[in-house]
Amino acid sequence: MASRKTSHSKQDKSDKYSILLPTYNERENLPLIVWLLVKYFGESGYNYEIIVIDDGSPDGTLEVAEQLQKIYGEDKILLRPRAKKLGLGTAYIHGMKHATGNFIIIMDADLSHHPKFIPEFIEKQKEGNYDLVSGTRYKGNGGVYGWDLRRKVISRGANFLTQVLLRPGASDLTGSFRLYKKEVLESLVERCVSKGYVFQMEMIVRARQLNYTVGEVPISFVDRVYGESKLGGNEIVSFVKGLITLFATT
Amino acid sequence: MTKLLEWLFGVSLVGSVWALVSFDLLDLSLPQTYKDVAWPMPLYLLVSFGCYSLATVGYRVATFNDCDEAAKELQEQIKEAKEDLKRKGLKM
Ligand SMILES: Nc1nc2c(ncn2[C@@H]2O[C@H](COP(=O)(O)OP(=O)(O)OP(=O)(O)O)[C@@H](O)[C@H]2O)c(=O)[nH]1
Ligand SMILES: [Mg+2]
C-alpha cells in the first residue's frame with residue numbers, strides 16, 4: 001500500500017468490483033457488454049465479477065448468459081436469475097445480496113453505458129476515497145449520442161429544474177452508471193422507497209442527505225443499438241412525480 | 001428539514017421583508033423611494049429568474065456534446081466482439 005500512485009494495476013489486491021447487470025430481453029447486448037467488461041477489466045487488472053440478473057426474458061437472454069458463463073468461467077460470470085419481471089430496483093437488491101466484491105458497479109446492459117469508463121470510475125474513487133462515483137452526461141467531455149433536439153431540451157430542462165429544487169450536489173441524477181462502496185449501497189437501498197426510474201434519483205439525493213461523498217466522471221451515453229426500451233412512454237410523468245416526492249420528503 | 005420546508009422558509013422570509021418595506025408595517029417612516037423600489041421587486045425577481053433559466057437551459061442544450069466518436073468506436077468494438085465471441089464458440 002506504500003506506493004499508491006505508482007501503479008493502478010496491481011495495487012489493492014483486496015479490492016473487488018462486482019458489476020450488476022440487470023437484463024430483460026438483452027440477448028443481443030449481453031454478450032457484447034460482457035465482452036467489453038472482460039476486455040477493460042483484463043487490461044486494467046482489477047479483480048471483478050459480473051452478476052447477471054435476468055428476469056425471465058422471453059427472448060432467451062438467460063440461455064446466452066449460460067453460454068457466456070461457460071466461456072469466461074463461473075468465477076467471473078454469476079447468474080442470479082429471477083422467474084419473472086419484477087423491476088429494476090429489486091433486481092439491484094437481489095444482485096447485491098450475491099455480490100462478493102467490496103465495491104459494486106451498477107450499469108445498464110444495453111450498451112448505452114460503456115465499460116471503458118469503469119477504470120476511470122475506479123481511479124476517481126481511489127483519488128478521493130469517495131463513497132460513490134456517478135457517471136455524468138452533463139459535465140466536461142460527457143455527452144450523448146442519437147438524441148434529437150426535443151430530447152436534449154427535455155433532458156436539460158428536467159435537469160435544471162431538479163438542480164434548482166433539490167440542490168443534490170451531483171450533476172446527473174437520472175443516469176444509472178455508478179460505482180458504490182458496498183456498505184454504502186446497502187444502506188442507501190434500505191432507505192430508498194421509489195420504484196423503477198425514480199430510484200436512481202432517490203439514491204443520489206439520499207446519498208447527499210446522509211453525507212456520503214460523491215465523485216463524478218463524465219461519460220458518453222450512446223443510445224441502445226439493439227432491442228427495445230423498457231421504460232419509455234410515461235417517463236416524464238414518473239419523473240415529475242418522483243421530483244415532487246423527493247422535494248417533499250428529503 | 002425537507003427541501004419543501006427550506007423553500008417555504010426562504011420564500012416566507014423574503015416575503016415578509018418585502019411586505020415590511022413595501023407597506024412600512026413597522027412604521028419606520030421609510031422614504032417613499034424605498035417603497036417604490038421594493039413594491040415591484042418580486043415581479044423583477046421572477047422575470048430575471050425566468051430569463052436566467054431560459055438562457056442556462058438554452059446554452060446547455062446548444063453545448064450538449066454529441067458523442068459521434070464514441071458511437072463509432074462502439075460500432076467497431078461490436079464487430080470485433082462478435083467475431084471474437086464466435087471464435088470462442090458462442091451461438092447467438
Ligand atoms: N432484471 C431486470 N432488468 C430490467 C428490467 N427492466 C429493465 N431492465 C434492464 O435495465 C437496463 C435499463 O433498461 P432500459 O430499458 O435500457 O431503460 P432505459 O435505459 O431508460 O431506456 P432505453 O435505453 O431508452 O431503452 C437494461 O439493461 C434492461 O435490460 C426488469 O424488470 N428486470
Ligand atoms: Mg438504456
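How far is an oxygen atom of ligand 1 from an N or O atom in the side chain of Glu26(A)? The distance is 2.6 Å.

This is a predicted model, in which local features need pLDDT of at least 70, side-chain atom pairs count only at pLDDT 80 or more, and totals for chains, interfaces and linings use all residues. Residues are numbered from 1 along each chain as its sequence is written, chains are lettered from A and ligands numbered from 1 in the order in which they are written, and side-chain values use heavy atoms, without hydrogens and water.

**View 1. Ligand 1 and its shell in chain A.** The shell around ligand 1 has 17 residues (near: a heavy atom within 4 Å). Glu26(A), Asp55(A), Ala109(A), Asp110(A) and Arg224(A) come nearest. A side-chain N or O atom of Asp110(A) lies 2.7 Å from a ligand oxygen. Pro22(A) uses a backbone N or O atom instead, 2.9 Å from an oxygen of ligand 1. Taken alone, ligand 1 exposes 630 Å², and the protein buries 92% of that (Shrake-Rupley method, 1.4 Å probe). Two elements of chain A, β1 (16-23) and α3 (88-97), give two or more residues each to the shell. Helices here are DSSP runs of H or I with at least four residues, strands are runs of E with at least two, and both are numbered from the N terminus.

**View 2. Thr61(A) in helix α2 (residues 61-72) of chain A.** Thr61(A) counts as buried because its relative accessibility is 0%. Buried means under 20% relative accessible area, exposed over 50%, and partly exposed in between, with a 1.4 Å probe and protein chains only. The Thr61(A) side chain reaches the backbone nitrogen of Glu26(A) at 3.1 Å. It also makes a polar contact with the side chain of Asp59(A) at 2.6 Å. A polar contact is a pair of N or O atoms within 3.5 Å; within protein, one must be able to donate a hydrogen and the other to accept it, and residues adjacent in sequence count only if both atoms are side-chain atoms. Leaving out residues up to four places away in sequence, Thr61(A) touches Thr23(A), Asn25(A), Glu26(A), Arg27(A), Leu30(A) and Asp54(A) (heavy atoms within 4.5 Å).

**View 3. Helix α5 (residues 149-166) of chain A.** The helix has 18 residues and reaches 25 Å between its end C-alpha atoms. That is close to the expected 26 Å (1.5 Å times one less than the number of residues). Its buried residues include Lys152(A), Arg156(A), Phe160(A) and Leu166(A). Their cover includes β6 (143-145), α7 (198-209) and α8 (235-249) of chain A. Chain B adds α1 (3-23) and α3 (41-62) to that cover. Arg167(A) follows the helix with a positive phi, near 40°.

**View 4. Two loop residues with positive phi.** Most residues other than glycine have a negative phi. Asn129(A) has a phi near 45°. This residue sits in the loop between α4 (118-128) and β5 (132-136) of chain A and is partly exposed, at 49% relative accessible area. Asp27(B) has a phi of about 50°. Its loop joins α1 and α2 (32-38) of chain B, and Asp27(B) is exposed at 67%.

**View 5. An annotated span of chain B.** An unreviewed UniProt entry lists residues 43-62 as "transmembrane region", in the numbering used here; feature names are shortened, and annotations may be inferred rather than shown by experiment. The span is 100% helix and 0% strand, with end C-alpha atoms 28 Å apart.
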